[in-house]
Amino acid sequence: MSVSKRRAILSMPARYAINGVLMILLVVCLQALTASGALTGYYTKILILVGINIILAVSLNVATGYLGQLPLGHAGFMAVGGYTSGIFLKSVDVGQASGGQYVFYVIAAIVLSGIVAAVFGILIGIPALRLKGDYLAIITLGFGEIIRVVITNIDSVLGFDFTYGASGLKRIPKVTNVLNVALCIILTCLVIHMVMKSRHGRAILSIRENEIAAESCGVNTTYYKVMAFTISAFFAGVAGCLYAGNLGSLQPGGFGFMKSIEILVMVVLGGMGSMLGSILSAGVLTVLPEALRGFSEYRMVVYSAVLILMMIFKPTGLLGDYDFSLSRILERIGIGRKPQKKEAAK
Amino acid sequence: MALLSVSDINVYYGAIHAIKGVSFEVNEGEVVTLIGANGAGKSTTLKTISGLLHPKTGGVEFQEKSLLGVKPHKIVEMGLAHVPEGRRVFLQMSVEENLEMGAYTRPGSEVDPGLEKVYAQFPRLKERRKQTAGTLSGGEQQMLAMGRALMSSPRLLMLDEPSMGLAPILVDQIFDIIQSLHKAGTTILLVEQNAQMALSVADRGYVLETGKIVTSGTGAELLNDESVKKAYLGG
């Protein structure tokens, strides 16, 4: 009487290889489209914006969908990442850098903004995650606002030229392009996917399901809550870096409470706990306001109506907690090994 | 030396003195029960042992190591499994995933043998292993919570009111399971309001009243004790 496990249809390396090839194809296509000029500047901008929002939504989904908390300060982490990379890129003078150096600086900026945002994630997560539900929402909201207000006022208080206060950090080298956004999305999804499939991921999910039960199973709940929150903050910082490199200027006003809500709406609409859902809804909710530009007076009405109808008719979001699985699709179209007959449960 | 010894613990909820100098022991292979009315401090005692609450004074020793200041997840690793009150299962995970979570502190190689052991003990769970836990009945969820705790191969299993909110026939089933676990050599600390059932399966019992132990003895002694009869067994 053996206990049968869910068996993979394809071996792990094969699945990673297929996914890898698909991703490379995607990146090559995007690169070809932009290089050939088929994508105009306007569409490239929208594509980059979609990409940044995807990273934001997917990263917030770790804290909201997988950990089951409701943090409302995601824009704060994005701001930390954005300002970190802005200050870094300005200080190293990227414009004069040679090819290899340029790539190094861009990567350094992305990693650095992720790390600084993650440090803030830990600092805020440790006190905030002692609370639950609405209390956590309010305390993270407060921290998000604190970050914004500090960025606005730190220069005049300390007498630096650091964040340039309300007038904004300007002339940041525009390092963001379709290619590095695409790579960041792929890395974000890959890292989050691998964490969630590991035993750490299981621990995070068990906290969402029932914290007391998780604790009685021997899960270090404080550690994993802070860990999920930190991963979430890290990638928000990465998104902030790309945002800074896209716009070329940063204003603290752009990282207010509404920005956090905007990201949260993407996650909720896509389905909490579904990575594919976050990706799709980030795309839809970024493109929708643009597509509705023609009816500019009505677009916010349509946008809100879509959200209300969604919550009434499908409160679990577009995809619920369904997630993309390459092996499942391959199985359906008949490629790869047939699934082993599961022993009939008696 | 006892497997678990609790000595003179005092636990407070803020200003409320919930546990007033409780001491007891659980020896290897025994079923020991703590009985008492609502608010007597039974669950508080268990929570103190598993590290969720901290006593102001007194000591808790498990396998001759103090548990004071040890984090709850470390205590589970040491072999002390706590089945919390009210069937806390992971409602959206399948039965099997719930059980796998139970083996969280154990190396991966122990998962499959553990599952087989639990399924042998709870055939009902094996039938439903692909079902999500939320679709199980109350009794099945209680079995799942117990099975999940057994997955960590505990030296001591602490059950907090396993009969709570269950139909009488299910209560009988749960106590049958407790007895068969006992026969298989599991040490159990059982907290119950259902004194009759608890004492009938227990080797020894302690009666808690407003945070103090008022009587103790073997299961049979307590069942026949006049004051216990009056207070808990309905005359």
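Read along the sequence, chain A of this predicted model follows the pattern α-α-α-α-α-α-α-α-α-α-α-α-α. Its secondary structure amounts to 13 helices and 0 strands. The radius of gyration of chain A is 21 Å, close to the 20 Å that the globule rule gives for 346 residues, so chain A is as compact as a globular protein of that length. The C-alpha trace of chain A spans about 75 × 50 × 45 Å along its principal axes. Of the 346 residues of chain A, 42% count as buried. Among contacts in chain A between residues at least 6 apart in sequence, 81% join residues at least 24 apart.

In chain B, 6 strands form an open sheet of mixed pairing, in the order β6-β7-β8-β3-β9-β10. The edges of the sheet are β6 (80–83) and β10 (212–218) of chain B; each has a single partner strand, so one side of each is left without a neighbour in the sheet. From one strand to the next, the twist averages 15°. Strand β9 (residues 204–209) of chain B pairs with β10(B) in the antiparallel sense over 6 bridges. Opposite Thr215(B) in β10(B) stands Val207(B).

Helices that lie across strands of chain B are tabulated below, with their angles.

| Helix | Strands crossed | Angle |
|---|---|---|
| α1 of chain B (residues 42–49) | β3 (31–35), β6, β7 (156–160), β8 (187–192) and β9 of chain B | about 145° to β7(B) |
| α6 of chain B (residues 138–150) | β6 and β7 of chain B | about 170° to β6(B) |

The edge strand β6 of chain B thus appears in both rows, under α1(B) and under α6(B).

Notes. Residues numbered from 1 in each chain as written. Chains lettered and ligands numbered in written order. Predicted model: local features only at pLDDT ≥ 70, side-chain atom pairs only at ≥ 80, totals over all residues. Helix = DSSP H or I, 4+ residues; strand = E, 2+ residues; numbered from the N terminus. Rg over C-alpha atoms; globule rule 2.2 N^0.38 Å. Buried ≥ 20, exposed ≤ 12 C-beta atoms within 10 Å, placed from the backbone. Contact = placed C-beta atoms within 7 Å. Pairing = 2+ DSSP bridges. Axes fitted to C-alpha atoms, helices over the stretch in contact; angles between N-to-C directions.
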